[in-house]
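Open the model in your viewer and keep the selection box handy. We will go stop by stop, with a note on what to select and what you will find there.

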Amino acid sequence: MCGPESVNRAQPLVGVACTGINVGPQGHLTLVLVSTTDGDVFAFDVKTSPDVMYQGLGRLLQAVDLLKVVHNSAPLVANLYFQFGINMQSVFDTQVAFAVILEDQSLVGRHVSLPALCDKCGLHGYHPSIQFQLLTEDCNVWARRPLTREMLNTAAAMALPLPPLYTKLSRAMEEKSWERFQVLNADTCLSLIKGRCRGAEKEHHHQTDKPDSRHQLPVLKLSPAQKVLLTDKKSSVQHF
């Protein structure tokens, strides 16, 4: 199946994002976005033309020598597997990488949204209108056709920052933490597939190799670097 455990930092890479209805083990993908390190984004309408998944796009997603940078990989990986039979290979999950960076700073790893993570890393992109943001609260909006320019711009914004995020996160992660990242990355990537196959979703966790918190002194004062990692508000503090 998915092969994120063999992440090779020397591999060429692309960012991968998607839209759909309830993306996950029982969801339906409608649009797959692929971004490059040159800043290009390619949109594949898999609702209108599902056969594209079994042609070039499917080969790209399953290529072991091409790194796919994804934010919160489990729903996408599970959806690809159960809807199309695609085993996504060589995945780098930016959400997992950020959790490991938090742990390197003696903080508790936690999930963070893609916009919040981009802000922490000093990356800023397209922001859809308030009206469209309200529309996207209904997941079925991504099944509408024809695709509007705002739909395409919003979807592209999910993929465009992923390659530069990989650069920033991989540099920020301590060298000694890469082995732990590989384990967490692989576990997270496959978690919803394994959960569906067992008949129950596997609980996400990021506790590998953590010391018992009962024997730790509480953090009384955060360093400037820790404050940057934990804050969800835009500020003038230096990005990591």
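Start with the whole chain in cartoon view: nine helices and five strands (helices are DSSP runs of H or I of at least four residues, strands are E runs of at least two, both numbered from the N terminus). Read from the N terminus, the order is β-β-β-α-β-α-β-α-α-α-α-α-α-α.

A word on conventions before zooming in. Residues are numbered from 1 along each chain as its sequence is written. This is a predicted model, in which local features need pLDDT of at least 70, side-chain atom pairs count only at pLDDT 80 or more, and totals for chains, interfaces and linings use all residues, while side-chain values use heavy atoms, with hydrogens and water left out.

**Colour by confidence**

Colour the chain by pLDDT, the predictor's confidence in each residue, from 0 to 100. The average is 85, and 80% of the residues score at least 70. Now select residues 200-205, where the pLDDT is below 50; beyond near neighbours in sequence, this stretch has twelve contacts in the model (a contact means heavy atoms within 4.5 Å). Where pLDDT is low, the predicted coordinates should not be read in detail.

**Switch on the surface**

The accessible surface of the chain is about 12500 Å², with 53% belonging to carbon and sulfur atoms (Shrake-Rupley method, 1.4 Å probe; for residues, only the protein chains shown count as cover). Of the 240 residues, 48% are buried; buried means under 20% relative accessible area, exposed over 50%, and partly exposed in between, with a 1.4 Å probe and protein chains only. Of the contacts between residues at least 6 apart in sequence, 67% join residues at least 24 apart.

**Select the sheet**

Show the five strands alone. They form an open sheet in the order β3-β2-β1-β4-β5, with mixed pairing (two strands pair if DSSP finds at least two bridges between them). At the edges are β3 (41-44) and β5 (91-93), each with a single partner strand, so one side of each has no neighbour in the sheet. On average, neighbouring strands are turned by 30 degrees against each other, direction ignored (axes are lines fitted to C-alpha atoms, for helices over the stretch in contact, and angles run from 0 to 180 degrees between N-to-C directions).

Next, pick β1 (residues 13-21), which pairs with β4 (residues 67-70) in the parallel sense over three bridges. Eight of the nine residues of β1 are buried, so the strand is largely enclosed by the rest of the structure. With β2, the pairing of β1 is antiparallel, over seven bridges. These two strands make a hairpin with six residues between them, and Asn 22 in the turn has a positive phi of about 50 degrees.

Which residues partner Gly 15? Its bridge partner in β2 is Ser 35, and in β4 it is Val 69. Another bridge to β4 joins Leu 13 to Leu 67.

Stay on β4 and show side chains. Leu 67 and Val 69 point one way, Lys 68 and Val 70 the other, and all are buried. Moving outward, β4 pairs with β5 in the parallel sense over three bridges, and Val 69 stands opposite Phe 92 in β5.

**Add helix α6**

Bring in residues 149-159, helix α6, whose buried residues are Met 151, Thr 154, Ala 155, Ala 156 and Ala 159. What do the buried residues of α6 pack against? They pack against β1, β2, β3, α5 (130-135) and α7 (162-172).

Now centre on Leu 152, also in α6. Leu 152 is partly exposed, with a relative accessible area of 32%. Leaving aside neighbours within four places in sequence, Leu 152 is in contact with Leu 31, Ala 43 and Leu 147. Draw a distance from Leu 152 to Ala 43: the C-alpha atoms are 7.8 Å apart, with the two positions 109 residues apart along the chain.

**Last stop: cysteines**

Select Cys 18 and Cys 139. Cys 18 counts as buried at 16% relative accessibility, whereas Cys 139 counts as partly exposed at 24%. The structure holds zero disulfides (a disulfide is a pair of cysteine sulfur atoms within 2.5 Å).
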